[in-house]
Amino acid sequence: MKGQEVGAVVVWSCFLLLLQPCGCQVKTCPAETRRPQLQNANSTSAQLNVNSAFMSPIVNSFLDSVKSRPFPKDLLIGMIQNMAVSQDSIRKVLEYEKGFLVCIIIGILYIILMPLIGLIFACCRCCGNCGGRMYQEQTSKINCKRRTFYWFTFFITIIILAGNICMFMSSTNTSETLKRAPNELSSILENVQGYLATVPKQLQQVVDGSSATVDEVKNNLNGSLLGTFIQNGLADHLSPALNSITDLAQVINSTGVSLKHVNKTLEQLTPKVDELRRNLSAVQQRINNTLHSACVDCTSLQTDVDKLTLTTDLNFPDQNDLMSAVNKAENADVIGQANKGKEFFDSIPEKARNATRDSVKVALMELDKVKSQIAGVTKGLPLKALDMISSPLKETQTYMSTYSPYIQQSSQISQAIGLVLSCLILLVVVCNLLGLLLGAAGLKSYDDPSERSCTSNCGGIFFMIGVGFSFLVSWIFMLVVLILFIVGGNTYTLVCEPWQSGELIRVVGTPGVIPGFNLSAAMNLKTNLTIVDVYSDCQMNKSLWTTLHLNEIINLNDYLSISKYTGNIYSSFDGAQINITNITILTSETESQIHNFSDTATTTNFSSIMQQISDISDINLSSSAKDLEDLASKQSNQTIKNELNSEAKELRDIQTAITSTIMPLLLDLNSTIKNLSATASQINGTVENVLKQVAMAQDILNYNISQIVKTGSKAFIDCQLNIFMTFVQWANQTITQHLGACGPAAEAINRSEDLVCKHLVGSLNGFWFSLGWCMMFLIPSIIFSVKLAKFYRRMECTDVYENKVMMNPFPRAQIDPKINT
């Protein structure tokens, strides 16, 4: 029967092996080392936070209307390429500058005519003309004219004041921009240099990643990971068998301990039970003697007295057979053989490491080649070009630090000039406002023009001071406006506007504009690479690999390919002889002893001893003692009565002895026997499971261990190469998508555009526009100031209007006129 069971186990084992040819499930690769993020350059934000371009919408709208044609891209490229100016080019330039020329002509006329008109005006007034004669004709409309001139002068003055405020703010912003420009430029250059310095560091991070990967794989090759893979192939079959043997050994051991405890308990109980039997027999004899003497109505207890016997002797006949089977199973050293199996399992990594020393050496040599090959990426990429760019940037930064004091000085000068010009314009505004205030405050409509108050006369004088000062300085201010307009206006239309729209970048990127500059030729590219393409990609923060089309310069797959090394690594491990000496998990003798233990435990009769325990536990002498005491109470013979009471007391003493000495041992024995019985009922199934697991594991060891070793070795190499493949994918993705992301370069250009156009040119254009605004409104200011002054100044001649209507001076409140009779 046993032979058939073993045969069935072998058949099922072979069937399972057909379902899983390798007989194993290899351990998955260790978790990949987390790849670090590429180091990014530290960047500083813009230092300019003033709103320098608050006037830009108005100024730019004006300049767009002045500009007659779109940006002359082709004309500019042609002039730069030919390095000569032809008549046709001059004609086209004049056509483009037509609007500017009109404005320049107007400015020149202003510069010429304002001092000339002022001179003529002064001469005329000296001759008594142009309002120089201190006489004013009194008419019915004189108050209406005065009010009209008053409000026109007031509104024009407010407009000039608004222009003056804008002029002052623009001047302040211009000087502030000049003051901070060196630091801003230095910050921009530092950001670019930091970016250029970061690119080699990022590439070195990739190379260092390859070194870390190589070191990781080397540690795996030199370590016990290969043996762990082989162990894992055996673990699914060997571990359950060894664990089941250990569990069975624990069952055998616990059974032996329980049997010893039963034997010890029986040794303690046997003399006590014998003594109990003797005592009961003696008491029974005495009670019988008493009942058959002169005892009245004692025959009714005879039946109960006859039961006062103990025939049980606590005999456990199967104990010796079971103990013998346990001893034989323990002597077979089941746990020792399980430990040998575990020692064999634990020794696999060391055996695998010793067997693959030569293969590991070959693999390590190949890994060093891989490491050197990947490190060659740094030589393949044109990193020297970054040094060529960084060098002039450092020189520029040096120049900036040298000339920074001069720029700071120019900032102070520009601030002083702007302040002076603003104050001079403000002087005209103040004269007009004082004229408006004093003239209106001191004028009384009923006063004779020759008798006007000093306050009113001072108001008129202030008007004339403002007029005279306007004639003196306006043409000089217009000269400043003209110069700044030519510089700032053309800078906006020819530099800033095309810079913002991207047309300037296209001009710079046009072949031939920069002599000898050709990105495609310099980098030996087949693709036509222009500055426009580079700038566009950098605005999207693309990598240098994509931006500069480095795939045409270097074949990254050649550096990151490890396929040519994997063949040698595989062949070296395939040729390794990993001999793992087989073991026998359980010998036939041990299996025989296990079967004997199982059969004996299954056939052991525990019910007999449990029945004997129950018989002793059921003894209750207290009821018999009570019956004797009741019978004694009915006796008239004192001697019989005393004997019955004495015998009842003896029964109670025996019951007390049973309860205190015998019952605890009986309870312990009963519990142990129950546990043994429960264990014995499961031993057969446990043993069958153990033998089945052992048979399957033994078949794996006998027939498939070489295949397991081979499969584990291949899985181990696949795991190591997978680590490399993961690194290669990361390196490829990092170099092609993240290395040298050139967003900082585009940001530097954008910040430069903000500095030059938004802050510097924007504030400068706002200044000349505000100053020109004031200059243009000085003309009506002069006219209305001259007209209004005559209404407030004291006249030398008197003119009387007969039907004079009472006129109210404005803006004073109405006052009752004095009527001369």
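## Two loop residues with positive phi

His 549 is partly exposed, with a relative accessible area of 25%. It's worth a look for its backbone too: phi of His 549 is near 55°, a positive value in a residue that isn't glycine. You'll find His 549 in the loop between α19 and α20 (556-560). Keep in mind as you read on that this is a predicted model.

Asn 541 makes a good companion case. Here phi is positive at about 60°, and Asn 541 isn't a glycine either. This residue sits in the loop between α18 (531-539) and α19 (544-547). With 41% relative accessibility, Asn 541 counts as partly exposed, because the partly exposed class runs from the 20% limit for buried up to the 50% limit for exposed.

## The chain as a whole

Stepping back, the secondary structure is easy to sum up: the protein chain has 27 helices and zero strands. Of its 821 residues, 44% count as buried. The protein chain exposes about 42,000 Å², and carbon and sulfur atoms supply 57% of that.

Contacts reach well along the sequence. Take those between residues at least 6 apart in sequence: 91% of them join residues at least 24 apart.

## Two disulfides

How many disulfides are there? The count comes to two, going by cysteine sulfur atoms within 2.5 Å. As a reminder, a disulfide is a covalent bond between the sulfur atoms of two cysteines.

One is formed by Cys 496 and Cys 757, with their sulfur atoms 2.2 Å apart. The torsion about this S-S bond is about -95°, so the disulfide of Cys 496 and Cys 757 is left-handed. This pair links distant parts of the chain: Cys 496 belongs to helix α15 (residues 454-501) and Cys 757 to helix α27 (residues 743-789), 261 residues apart. Are Cys 496 and Cys 757 buried or exposed? Both are buried.

The other joins Cys 538 and Cys 742, with sulfur atoms 2.2 Å apart. With -110° about the S-S bond, the link of Cys 538 and Cys 742 is left-handed. Cys 538 lies in helix α18 and Cys 742 in the loop between α26 (705-737) and α27, so the pair ties together parts that are 204 residues apart in sequence. Cys 538 and Cys 742 are both buried.

## Serines of α27

Helix α27 turns up again with a couple of serines. Ser 763 lies in this helix and, at 0% relative accessibility, counts as buried. Its C-alpha atom is separated by 9.1 Å from that of Ser 175, although Ser 763 and Ser 175 are 588 residues apart along the chain.

Ser 785 is in α27 as well, and at 1% relative accessibility Ser 785 counts as buried. What does Ser 785 contact, leaving aside its neighbours within four places in sequence? The list is Thr 153, Asn 432, Phe 463 and Val 467.

## Helix α5 and its kink

Helix α5 (residues 98-126) has 29 residues. From first C-alpha to last it reaches 42 Å, close to the 42 Å expected at 1.5 Å a residue. Where does α5 kink? A kink of about 25° lies at Leu 113, shortly before the proline Pro 115.

The buried residues of α5 make quite a mix: Gly 99, Phe 100, Ile 104, Gly 107, Tyr 110, Ile 111, Met 114, Gly 118, Phe 121 and Arg 125. The elements that cover them include α2 (56-66), α15 and α27. Those last two helices should ring a bell: α15 holds Cys 496 and α27 holds Cys 757.

## Helix α11 and its buried side

Helix α11 (residues 348-355) has Ile 348, Pro 349 and Ala 352 among its residues, and these three are buried. They cover an arc of only 100° around the axis, which puts them on the same side of α11.

What do the buried residues of α11 pack against? Their partners are α7 (225-291) and α10 (334-346).

Technical notes:
Residues numbered from 1 in each chain as written. Predicted model: local features only at pLDDT ≥ 70, side-chain atom pairs only at ≥ 80, totals over all residues. Heavy atoms only, no water. Helix = DSSP H or I, 4+ residues; strand = E, 2+ residues; numbered from the N terminus. Buried < 20%, exposed > 50% of the residue type's maximum accessible area, 1.4 Å probe, protein only. Contact = heavy atoms within 4.5 Å. Areas by Shrake-Rupley, 256 points an atom, 1.4 Å probe, with all protein chains shown as cover. Expected span 1.5 Å × (residues − 1). Bend = angle between axes of the 7 residues up to and from the residue. Arc of directions from axis to C-beta.
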